[in-house]
Each structure stands twice: as structure tokens, then as C-alpha cells.
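Student: Before we look at any details, could you show me how to read features of this kind from a set of coordinates?

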Amino acid sequence: MSEPGPRLVRHHPLGWWLSLLTLAMLLAGCSDDDQERRRSLGEDPSFDDFMEVADAERGARLFGQCAACHTIRMGAGDRNGPGLHDVLGRPVASNSKRFSYTGALLSIGGVWTPDRMDAWLTAPAKMAPGTSMGFRGVPDPLDRADIIAYLRTQSADGGGASALPSRPRGGAFKG
């Protein structure tokens, strides 16, 4: 009996894409520019400090992790999550008329400000206990600032709405 020939292994296209995305994100996170931006922040930087050095181009690359569930282009529609084009400056849980938002998110009220988006990206389940968004959050505040800077570029008025306080003291964000 002869040995079988080489076996062809088929890779799932999504697995290949995720591997490539992970590699790109790792490479993007190691730049000298990022290290310089971190050094310029000094001790105990505030959210505003991070936003002052935020890089929207890097944020566009980091948005790749969001793109698994969200679209960003105008008119692109929803995926597993609502489309996020023009989300900053808009009322929470209103960006898509077709998306079925959870009661947890609907109960927050207010508008998506950069500060609120930072709280959301830090830990969605902490900001809106009971949300169906299974994403754990973005732990690095510079990464969050970069993503928010990118979201600003995708918002009609630059996402500059700041009508609400930035964060609650303890507990879920009520705004």
C-alpha cells in the first residue's frame, strides 16, 4: 500500500483574516510614535490628555476589532451591532432605526460624547449592565483615544458634543 500524497489543508477565510488583523494590530501597537506619545502624557494623564495626542489614522486600524460587528461607512447598514457612521454627537441607542437595542442601552439616555464613548469602550457591560454586546472592552486608554479620534472623523460635526458629564462616580453610567 502506498503512502497517500500531501494532504491539502483548507483554512477558513475568516481565520486567515483574523490572523492578519491581529498581526497588523500588534505591529501598529509597537511604533516609536506610540512610545513618544505615551512619554509626552506624563504621570496620571486625563482623558483629555489622551485625546490631545490621539491619532485617528491609528484609530482606523484599531477599529478593525470593532469591524467584526460594526460598519462605519455611511449607508453601510448593520451587522451584529449597529452601524457606527456619525455615532458621536447622536443620542445613545439611536444610530440605527433597524437595530434592536437592549433595554440596558436604551435606559442610559443622553448622547454619545467622546467621554461617554471612552467609558463604553473601557467596559461596555459595566457602563450598561445587561447589554448584549459581548465585547470585553479596550483596556489601553491610548487605543481608546485613537479609536474615538477615528470615530470623530466619521461623524458629521466631528463628534464634538460635550453636553453631558464625562463619567459617573461609581456604578453604571446614567448620564
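**Reading burial, contacts and charge pairs**

Tutor: W120 is a convenient place to begin, since this residue is buried, with a relative accessible area of 7%. Please keep in mind throughout that we are reading a predicted model.

Student: Which helix has buried residues that include W120?

Tutor: That is helix 6, whose buried residues are P114, D115, R116, M117, D118, A119, W120 and L121. Because eight of the nine residues of helix 6 (residues 114-122) are buried, this helix is largely enclosed by the rest of the structure.

Student: Which helices do the buried residues of helix 6 pack against?

Tutor: The partners are helix 3 (47-52), helix 5, helix 7 (124-127) and helix 8 (141-153).

Student: How should I read the aromatic rings, and how many aromatic pairs does a search of the whole structure find?

Tutor: The general idea is to look at the distance between ring centres together with the angle between the planes, where an angle over 60 degrees counts as edge-to-face. Searching the whole structure gives three aromatic pairs. One of them joins F99 and Y101, an edge-to-face pair with 5.1 Å from centre to centre and 70° between the planes. Within this pair F99 is partly exposed, at a relative accessible area of 22%, whereas Y101 counts as buried at 13%. Another joins W112 and W120, whose ring centres are 5.7 Å apart and whose planes meet at 65°, so this pair too is edge-to-face. W112 counts as buried at 6% relative accessibility, and W120 is likewise buried, at 7%.

Student: Turning to the backbone, which residues other than glycine have a positive phi?

Tutor: Here one reads the sign of phi together with the residue type. Two cases to examine are D86, where phi is near 65°, and A93, where phi is about 60°. D86 lies in the loop between helix 4 (56-62) and helix 5 (103-106), and A93 is likewise placed in the loop between helix 4 and helix 5. As for exposure, D86 counts as buried at 18% relative accessibility, and A93 counts as buried at 12%.

Student: Where is G83 found, and which residues is G83 in contact with, leaving aside its neighbours within four places in sequence?

Tutor: G83 also belongs to the loop between helix 4 and helix 5, and this glycine is buried, with a relative accessible area of 10%. Once the neighbours within four places in sequence are set aside, G83 is in contact with T71, G77, D78 and N95. For T71, which is twelve residues from G83 along the chain, the separation between the two C-alpha atoms is 4.7 Å.

Student: Now the charged side chains: how many salt bridges does a search of the whole structure find, and where does D34 fit in?

Tutor: The search finds nine salt bridges. D34 is found in helix 2 (residues 32-40) and is buried, at a relative accessible area of 1%. D34 forms a salt bridge with R37, in which the closest N and O atoms are 2.9 Å apart, and R37 counts as buried at 8% relative accessibility.

Student: Why does spacing within a helix matter when I read such a pair?

Tutor: In general, an α-helix has 3.6 residues a turn, so residues three or four places apart point the same way. In this case D34 and R37 both lie in helix 2, three residues apart, or about one turn of the helix.

Student: Which pairs link distant parts of the chain?

Tutor: One of them is D140 with R38, a salt bridge whose closest N and O atoms are 2.6 Å apart. D140 lies in the loop between helix 7 and helix 8 while R38 lies in helix 2, so the pair ties together parts that are 102 residues apart in sequence. R38 counts as partly exposed, at 29% relative accessibility. Another is D146 with R58, where the closest N and O atoms are 2.5 Å apart. This pair links helix 8, which holds D146, to helix 4, which holds R58, across 88 residues. D146 is buried at 0%, and R58 counts as buried at 3%.

Student: Which residues are linked with D34 in a network of salt bridges?

Tutor: The network links D33, D34, R37, R58, D143 and D146. In addition, the side chain of D34 makes a polar contact with the side chain of R58, at 3.0 Å.

Terms used:
Residues numbered from 1 in each chain as written. Predicted model: local features only at pLDDT ≥ 70, side-chain atom pairs only at ≥ 80, totals over all residues. Heavy atoms only, no water. Phe/Tyr/Trp six-rings, centres within 6.5 Å; stacked < 30°, edge-to-face > 60°. Buried < 20%, exposed > 50% of the residue type's maximum accessible area, 1.4 Å probe, protein only. Helix = DSSP H or I, 4+ residues; strand = E, 2+ residues; numbered from the N terminus. Contact = heavy atoms within 4.5 Å. Polar contact = N/O pair within 3.5 Å; in protein donor to acceptor, adjacent residues only side chain to side chain. Salt bridge = Lys/Arg side-chain N within 4 Å of Asp/Glu carboxyl O.
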